[in-house]
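Please look through the structure shown below. The paragraphs after it go through two sheets and the helices that can be described alongside them.

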Amino acid sequence: PKIVIVGGGYSGITTAKGLAGKDRDVTLVSSTPYLEWGIAASYSLTHPEELHKAVAGKIDPPKGVNLVIGTAVSMTDTEVLLDNQQVLPYDALVIATGLNIPLFRPRLGQSWAERSKEVTEVGNALRKASTVVIAGGGPIAVEFAGDVREVNPSAKVTLVCSGDRALPYLNWEYRRKLDKMLKTLNIEVLTNERVTDEEHSITKKELTLSSGKTLEADCFIPAYTRGYGAGWTGLADSSGKIPVNKHLQCESAPKVFAVGCSTLSKMSEQWKIIFEASTVQSNVVKFLKNSSLSTHFDHHFNVTHPKTQKIGASTFAWYDLTQMFINIKAWPFLCGFPFFPGCLCGCDVMACGYCCNYPEGAGTARQLTKSMYQAAELGQKLGTAPEQQEMK
């Protein structure tokens with residue numbers, strides 16, 4: 001049987017690893033021949049000279065998996081059509097196209113030369129700007145605001161949030177930490193506003209807000225998600241997600257399954273994706289054998305928002321204890337400085353903050369930044385420069 005997986009990022013590669021088999025013809029479709037590690041996106045945009053560290057120059061598909069470079073543009077009940085007119089027949093199809101986050105992710109089909117130039121231009125502009133406006137109030141926007149402050153200490157940095165505050169999911173304790181740090185970094189927050197512009201800009205311009213007010217910005221960076229990337233299928237809802245049943249199987253197209261971009265995907269988190277991939281791997285095989293499908297269970301059901309939050313690469317970060325399982329909540333209080341000044345697990349000094357206190361601070365931020373290039377579980381070697389060529 002033929003299995004096609006659309007999406008060459010974390011969700012797609014993770015799913016492909018468990019579907020390769022002697023009796024299965026598995027094809028992984030990626031819109032670019034290189035992989036850019038999304039966890040490092042904010043840092044890469046403010047440190048373009050470090051972009052190569054977050055990139056695997058050539059995607060190395062799991063053993064037994066065929067890699068096809070192209071962008072899926074449409075599908076039928078039996079085939080996927082790519083932008084290069086290539087047609088991929090399938091007996092089972094997995095959609096793993098993830099979130100749509102312009103600028104913080106390469107555009108579909110964007111060549112390495114184009115991507116490298118884009119990131120370099122943005123990074124250089126951010127360092128020279130007098131005013132930087134960032135649209136968004138989520139974890140990416142907050143992290144990015146801190147990164148911008150680190151590389152440009154004198155710029156006026158403004159976060160424009162559509163809600164009544166940044167990171168609205170935080171409890172009062174973490175809200176207080178966030179507010180204190182944003183104030184310390186002199187990052188202004190405008191709430192209940194939207195920037196009507198949707199494209200980033202690195203030239204001085206006047207931005208119009210939803211209230212009719214205006215802001216001047218030397219650099220404008222939208223740092224929010226634009227929904228999920230499954231709209232091309234014709235099966236997705238208005239947010240770009242695939243409507244699925246309890247088996248992660250599309251309700252209207254039984255041959256189609258989804259990982260990381262379904263209506264059961266409440267947030268994009270590594271372990272949630274791993275568990276979804278495991279369910280889909282099992283159910284695709286069962287579907288092809290006409291066996292009963294397994295019900296998906298979210299083993300990280302208690303995780304409703306990111307477990308960690310950085311505000312700058314080396315300024316401040318925390319581990320959110322509300323997102324950890326009860327039986328390990330006490331662990332961080334035993335690992336801080338000076339109890340383990342040089343952590344036994346090889347972490348940065350102060351990575352867990354002070355002993356008997358919360359795991360937070362500059363050391364925590366440094367450790368998270370240090371570890372953000374680890375993608376060994378995908379079998380991809382980051383830090384390898386892609387070939388300087390245009391996409392075919």
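Which strands does helix H4 (residues 139–151) lie across, and at about what angle does H4 run to E11? In this predicted model, helix H4 lies across E10, E11, E12 and E15. The angle between H4 and E11 is about 175°. Angles over 145 degrees count as roughly antiparallel.

The strands under H4 can be taken next. The order E12-E11-E10-E15 describes an open sheet of four strands, and the pairing in this sheet is parallel. Strand E12 (187–190) and strand E15 (219–222) are at the edges; each has a single partner strand, so one side of each has no neighbour in the sheet. From one strand to the next, the twist averages 20°. Within this sheet, strand E10 (residues 131–135) pairs with strand E11 (residues 156–160) in the parallel sense, over five bridges. One residue pair can be picked out here: Thr 131 has Lys 156 in E11 as its bridge partner.

A second sheet has another pairing sense. Three strands in the order E6-E7-E8 form an open sheet, with antiparallel pairing. Its edge strands are strand E6 (72–75) and strand E8 (87–89), each of which pairs on one side only. On average, and with direction ignored, neighbouring strands of this sheet are turned by 25° against each other. Three bridges join E6 to strand E7 (residues 79–82) in the antiparallel sense. For a residue to locate in the view, take Ala 72, whose bridge partner in E7 is Leu 82.

The last part concerns a pair of helices. Helix H1 (residues 10–17) packs with helix H6 (residues 270–288) at an angle of about 40°, and their axes are 9 Å apart. Why is this pair called oblique? Angles under 35 degrees count as roughly parallel and those from 65 to 115 as roughly perpendicular; with an angle of about 40°, H1 and H6 are therefore oblique to each other. The crossing in which H1 passes H6 is right-handed.

The residues that meet between these two helices can be listed from each side. H1 contributes Tyr 10, Ser 11, Thr 14 and Thr 15. On the H6 side they meet Gln 270, Ile 273, Ile 274, Ala 277, Val 280 and Gln 281. Sorted by class, the contact of H1 with H6 holds five nonpolar and five polar residues, and no charged residues.

Definitions and conventions
Residues numbered from 1 in each chain as written. Predicted model: local features only at pLDDT ≥ 70, side-chain atom pairs only at ≥ 80, totals over all residues. Heavy atoms only, no water. Pairing = 2+ DSSP bridges. Axes fitted to C-alpha atoms, helices over the stretch in contact; angles between N-to-C directions. Left-handed = near helix turned anticlockwise from the far one by under 90°. Contact = heavy atoms within 4.5 Å. Nonpolar A, V, L, I, M, F, W, Y, C, P; charged D, E, K, R; others polar.
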